[in-house]
Amino acid sequence: MVMRHRPSGTDDGQEGLFSVDDLAARSGDAPAARRRAFRDSPEARRMLDVTEIHAEPAAAASHRGRQIIARFPEARVLETDSHWRIPRLHGNEGNAERWVRVKRQTLVLGERSSLTTRPNGRSADWIAPGLSNGCAMACAYCYVPRRKGYANPITVFTNVERVVHHLARHVAAQGAKPEPNQCDPQAWVYDIGENGDCSVDDLICDNTADLIDAFRRWPTAKASFATKFVNPDLLELDPRGRTRIRFSLMPHADSRTLDIRTSPVERRIAAAADFLDAGYEVHFNLSPVVVRPGWEQDWADLLRQLDDVLPRRVKDQARAEIIMLTHNERLHEVNLDWHPRAEELLWRPGLQQPKRSQNGDLNVRYRNTVKSASLATLRGLIDARAPWLDVRYAF
Ligand code: SF4
């Protein structure tokens, strides 16, 4: 069924501490006034060129939903009962060969129903309920599609005020951080992008900007998200040190095979100083670390490149997370159909051991001995090539 665009509507009906417009007014920087030169560029369109929007009715009628639908006036808008159940998009592994087209051309609009902030303690203190799920990029090792099937375009959650309200209450309830930990010496860190990439989400609407605005006003908290996409529009958002962007890095040889549709690794490294100067804290995710013949030399080269290219001011504040590859049996089988070369790197049964996940999937991780030896090797390389880079944690 093709939906009509509703001329008016309400937000999610929830009473929030801060409305989206109010957030902008408080920062003195209305979203409409922000420069969005990149969002409409040919490069951005290569990432996202939306021709089809599947929308829950309430999401389509919301303020954010109407903004998104207006932004893509050529797109067909199709009603869906639930953003979790769109058989044509989700759960259909036969979509593998047209993944990229689906990811580039399709959006889903939904309302986030569960508002839970989960403790984490590794990358962040807390995992915030994010404002998206799914990704326009298509990394061969990505765990995000597992819950929704494999052709997993971006679902944008439109009840922004409700999420911000929830976070405001959570931040207020924590009070000041009592003591430093590896997540941050002072602030409670909230990961806002667990199931997607906030830099790409910003090509669609101001959800990422609204979260950055909110955290700017919360002196005891800090937002954090990992990204593989350089979106220069984010430089306009004035985070004032309250958002940590974590550029994910891996050796170029791995990235060329595994990071599908992402910004090149060199570009992510080159962007670090711009993001620091724009008010972000800039960290690096060394992830995933893929153990294969020659991996040590390629990581050594990458670390040397970081040392050569990054200015001192970036090095002085940079921290790193190391995440060893976790793979998945079902994803392995799907990948074999469309990207077998990736599986030559990712599927190494001789080095890996199975681990049944909570949802019953069979994940594989490097055997304990392989993992600990590899981490020791990588830490040694960091000490030798980039001694300024503190490792916050390795997993
Ligand atoms: S950028 Fe992140 S969320 Fe997107 S496909 Fe790659 S790993 Fe998944």
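In this predicted model, D238 is partly exposed, because 18 other C-beta atoms lie within 10 Å, and a residue counts as buried when that number is 20 or more and as exposed when it is 12 or fewer. The residue lies in the loop between β9 (221-227) and β10, and its phi is near 50 degrees, a positive value in a residue other than glycine. R240 is found in the loop between β9 and β10 as well, and R240, although it is not a glycine, has a positive phi of about 50 degrees. With 14 other C-beta atoms within 10 Å, R240 is likewise partly exposed.

From this loop one can step back to the chain, which has 15 helices and 16 strands. Of its 395 residues, buried residues make up 47%. When contacts with a separation of 6 or more are considered, residues 24 or more positions apart account for 78% of them.

F157, found in strand β7 (residues 154-157), gives an example of a contact between parts of the chain that are apart in sequence: its C-alpha atom and that of G110 are separated by 5.0 Å, although the two residues are 47 residues apart along the chain. F157 counts as buried because it has 26 C-beta neighbours inside 10 Å, where 20 or more are required. Once its neighbours within four places in sequence are left aside, F157 is in contact with G110, E111, R112, L131, S132 and V163.

Another part of the structure is the shell around the ligand, which is formed by C135, M137, A138, C139, C142, V144, G196, D197, K228 and T262. By class, these residues divide into six nonpolar, two polar and two charged.

Helix α10, which spans residues 265-277, bends by about 35 degrees at A271. The residue at the bend is itself buried, as are V265, R268, I269, A272, F275 and L276 in this helix. An α-helix has 3.6 residues a turn, so residues three or four places apart point the same way. The buried residues of α10 pack against several elements, namely β10 (243-249), α9 (252-258), β11 (281-289), α11 (295-309) and α12 (312-317). Just after α10, G279 takes a positive phi of about 110 degrees.

One of the elements packed against α10 is strand β11, and P288 lies in this strand. The peptide bond that leads from S287 to P288 is cis, with omega near -20 degrees.

Helix α11, also among the elements that α10 packs against, has a further partner in helix α15 (residues 368-385), and the axes of α11 and α15 come within 9 Å and cross at roughly 30 degrees. Two packed helices are described by the angle between their axes and the distance between the axes. The handedness can be added to this picture, for the crossing of α11 and α15 is right-handed. On the α11 side, E296, W299, A300, L303, R304 and D307 take part, and they meet T377, L378, L381, I382 and R385 in α15. By class, this contact has six nonpolar, one polar and four charged residues.

Terms used. Residues numbered from 1 in each chain as written. Predicted model: local features only at pLDDT ≥ 70, side-chain atom pairs only at ≥ 80, totals over all residues. Near = placed C-beta within 6 Å. Nonpolar A, V, L, I, M, F, W, Y, C, P; charged D, E, K, R; others polar. Bend = angle between axes of the 7 residues up to and from the residue. Helix = DSSP H or I, 4+ residues; strand = E, 2+ residues; numbered from the N terminus. Contact = placed C-beta atoms within 7 Å. Axes fitted to C-alpha atoms, helices over the stretch in contact; angles between N-to-C directions. Left-handed = near helix turned anticlockwise from the far one by under 90°.
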